[in-house]
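Here are a few notes from my pass through the model, in the order I'd go through them. Have the structure open as you read.

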Amino acid sequence: MLHFTQRSRALLVGALLATGALLAGCGTPADQTADEARGKKAPAKPAKPAKPKAIYGLPGMPPVLDPTDIYAANRPDKLSPVVKDFPTRVYVPNTTSNTVSVIDPEKFKVIETIPVGNHPQHVVPSWDMKTLWVNNNRGHTLTPINPANGKAGKPVEVHDPYNLYFTPNGKHAVVMASMDRELVFRDPHTMDRVHTEPVTCAGVNHADFSLDGRYFIVSCEFSGELLKVDTEKMKVIGQQKLPFKGAMPQDVKISPDGETFYIADMKAHGMWVLDGEKFTEPTLLPTGKGCHGLYISRDSKEMFVPNRGEGSISVFDFAKNKLTKKWWLPDGGSPDMGNISADGKVLWLSGRYDSEVYAIDTRTGVQLARIPVGGGPHGLTVYPQPGRYSLGHTGIFR
């Protein structure tokens with residue numbers, strides 16, 4: 001048997017206390033050590049929720065609802081009080097007939113034909129969503145249509161209005177003057193000219209705005225180029241040539257997370273994938289012959305991509321970052337520009353070279369209807385649509 005002197009006992013107790021203090025200093029409390037010895041683990045501390053990134057939007061722009069989903073306001077049937085009582089119609093500009101065909105989407109039938117100016121290209125919802133502007137490209141006018149009653153008003157003189165957009169704060173309309181080689185900033189109500197920004201590319205036609213609204217990307221169809229434009233300064237701040245001989249960029253759309261721009265290209269037969277912030281050289285994602293339009297589903301999960309040259313629609317999945325489906329129109333066709341119904345169930349597209357409009361089920365890709373219209377149908381809009389305000393074209397809502 002061992003015997004301890006009083007001094008030995010004191011030394012031993014001191015050593016044990018020091019060891020306990022050392023272990024405690026290493027972050028292993030005694031009760032935790034005991035739990036681990038019994039095969040238990042201390043509960044993990046809950047992670048702190050990530051702070052949403054601050055969005056310093058364009059002055060005067062409505063606040064971003066969700067920094068992770070730029071289309072959060074566009075959920076099915078989430079109609080603004082401004083538009084909720086408007087009759088649901090599909091407005092189809094017929095470029096060679098100089099008319100707008102008005103379709104009742106429930107009957108899949110043209111119920112009215114409205115005479116407009118020369119060579120109408122797109123039907124564009126205004127920023128405040130109260131007016132539809134018909135872009136009479138060669139007639140150098142905009143024809144206003146009241147969506148409450150479908151009546152056309154007095155045309156407004158605007159030179160070379162191939163396409164029309166609105167800045168996110170509603171301060172300016174932006175006319176894509178394709179043949180004039182200009183971006184023309186105008187009063188969004190009177191359409192009086194405010195500022196003209198000359199461009200050196202050919203065929204400015206489509207655009208979309210960044211998450212914060214401070215810049216927008218523009219496609220130049222005839223010279224195969226892209227522009228980056230400062231919204232507030234109304235100045236071109238970047239320009240690049242697409243890395244494909246004969247490129248013809250068309251529609252432009254930003255991803256739901258605001259990180260990526262997609263640009264349809266009817267000659268490269270796919271979408272260019274662009275980092276808008278860095279504005280570095282984009283990469284090409286092939287979709288099909290004559291890739292032309294880009295339309296976001298009402299749940300922000302997919303993008304529908306009509307391929308005009310082959311009569312198909314490709315479906316891009318944002319979460320998977322790839323094409324997941326391809327739908328072919330029975331009997332072929334030339335699917336061009338359009339948009340999605342307020343409930344998100346039907347994709348409406350003009351048949352540019354077939355004088356018809358296609359209604360396609362967004363869940364199955366089944367063609368629901370094929371409706372005869374005037375000659376050269378182009379940028380049709382479905383109205384009303386969900387959202388708080390319009391950025392233009394055939395309906396880009398946020």
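1. Let's start with C291. This is a predicted model, and in it C291 has a relative accessible area of 0%. Buried means under 20%, so C291 counts as buried.

2. Now for the cysteines that do pair up. How many disulfides does the structure hold? Just one: C201 is joined to C220, with an S to S distance of 2.1 Å. The angle about the S-S bond is -50°, which makes the link of C201 and C220 left-handed.

3. Where do the two ends of that link sit? C201 is in the loop between β12 (193-198) and β13, while C220 belongs to strand β14. The two are 19 residues apart, so the pair links distant parts of the chain. Both C201 and C220 are buried.

4. Strand β14 also takes you into a sheet worth a look. The sheet is open and has four strands, in the order β13-β14-β15-β16, with antiparallel pairing. At its edges are β13 (204-209) and β16 (235-241), each of which pairs on one side only. On average, neighbouring strands here are turned by 25° against each other, ignoring direction.

5. One strand pair to zoom in on: β14 (residues 215-220) with β15 (residues 225-230). They run in the antiparallel sense and pair over six bridges. For a handy landmark, find S219, which stands opposite L226 in β15.

Terms used. Residues are numbered from 1 along each chain as its sequence is written. This is a predicted model: local features need pLDDT of at least 70, side-chain atom pairs count only at pLDDT 80 or more; totals for chains, interfaces and linings use all residues. Side-chain values use heavy atoms; hydrogens and water are left out. Two strands pair if DSSP finds at least two bridges between them. Axes are lines fitted to C-alpha atoms, for helices over the stretch in contact, and angles run from 0 to 180 degrees between N-to-C directions. A disulfide is a pair of cysteine sulfur atoms within 2.5 Å. Buried means under 20% relative accessible area, exposed over 50%, partly exposed in between (1.4 Å probe, protein chains only).
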